[in-house]
Amino acid sequence: MPPNPASASQVILCLNSGSSSLKFALYRLGVGEEVRLAHGAAERIGLAGGHLWLRGTDNEALVDVDRDFPDHTAATEGIAAAAKCLGF
């Protein structure tokens with residue numbers, strides 16, 4: 001389940017970029033702890049048959065979209081749009 005938008009300032013995005021993928025995780029910072037809220041990837045960047053997926057805390061599918069990403073900028077924009085739509 002997406003977090004309360006009021007606490008969005010406490011959410012950080014971690015990225016791991018490869019040549020044709022961009023993996024990511026969203027964490028909520030708390031007192032002395034981090035909680036992973038979601039994780040996912042944009043895959044096949046620069047290639048046909050791109051895919052964006054995002055899973056929540058219980059590994060439930062929140063986003064599962066087939067879409068081509070011509071470059072890492074487009075993939076980053078796709079990730080940001082998906083996260084924003086979910087209230088992160």
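Strands, as the word is used here, are DSSP runs of E at least two residues long, numbered from the N terminus. With that settled, let's walk through this model, which is a predicted one.

Start with the strands at the front of the chain. S1 covers residues 11-17 and S2 covers residues 21-30; the two run antiparallel and are joined by seven bridges. Three residues sit between S1 and S2 in this hairpin. If you want a spot to get your bearings, look at Ser17, whose bridge partner in S2 is Leu22.

Carry on along S2 and you come to another hairpin. S3, residues 33-43, pairs with S2 in the antiparallel sense, this time over 10 bridges. Here Tyr27 is the residue standing opposite Arg36 in S3. Two residues separate the strands of the S2 and S3 hairpin, and Gly32 there has a positive phi near 75 degrees.

A positive phi on a glycine is one thing, but what about other residues? Most residues other than glycine have a negative phi. Arg44 goes the other way, with a positive phi near 65 degrees. You'll find Arg44 in the loop between S3 and S4, the latter being residues 51-55. Is Arg44 buried, exposed or partly exposed? Its relative accessibility is 42%, so Arg44 counts as partly exposed, since that class lies between the under 20% of buried and the over 50% of exposed.

Asn59 is another one to look at: its phi is positive too, near 65 degrees, and it isn't a glycine. Asn59 belongs to the loop between S4 and S5, where S5 is residues 61-66. With 47% relative accessibility, Asn59 counts as partly exposed.

Now for the helix. H1 takes in residues 72-85, and at 1.5 Å a residue its 14 residues should span 20 Å; the end C-alpha atoms are 20 Å apart, so the expected and actual spans agree. At the N-terminal end, Asp71 acts as a cap, with a side-chain oxygen 3.2 Å from the backbone nitrogen of Thr73. Just after H1 comes Gly87, which has a positive phi of about 90 degrees.

Which residues of H1 are buried? They are Ala74, Ala75, Gly78, Ile79, Ala82 and Ala83. An α-helix has 3.6 residues a turn, so residues three or four places apart point the same way. As for what they meet, the buried residues of H1 pack against S2, S3, S4 and S5.

That takes us to the core. In soluble globular proteins, nonpolar side chains tend to be buried together. The largest nonpolar core in this model has 18 residues, and those with the most contacts inside it are Leu26, Ala42, Leu52, Phe69 and Phe88. S2, S3, S4 and H1 each supply at least two residues of this core, and H1 gives the most, with five.

Phe69 deserves a closer look. Setting aside neighbours within four places in sequence, Phe69 is in contact with residues including Ala42, Leu52, Ala74, Ala75 and Gly78. Arg44, the residue with the positive phi, is also among the contacts of Phe69.

Last, the cysteines. How many disulfides does the structure hold? Zero. Cys14 counts as partly exposed because its relative accessibility is 35%, whereas Cys85, at 74%, counts as exposed.

Conventions:
Residues numbered from 1 in each chain as written. Predicted model: local features only at pLDDT ≥ 70, side-chain atom pairs only at ≥ 80, totals over all residues. Heavy atoms only, no water. Pairing = 2+ DSSP bridges. Helix = DSSP H or I, 4+ residues; strand = E, 2+ residues; numbered from the N terminus. Buried < 20%, exposed > 50% of the residue type's maximum accessible area, 1.4 Å probe, protein only. Expected span 1.5 Å × (residues − 1). Contact = heavy atoms within 4.5 Å. Polar contact = N/O pair within 3.5 Å; in protein donor to acceptor, adjacent residues only side chain to side chain. Core = buried A, V, L, I, M, F, W, Y, C linked by side-chain atoms within 4.5 Å. Disulfide = S-S within 2.5 Å.
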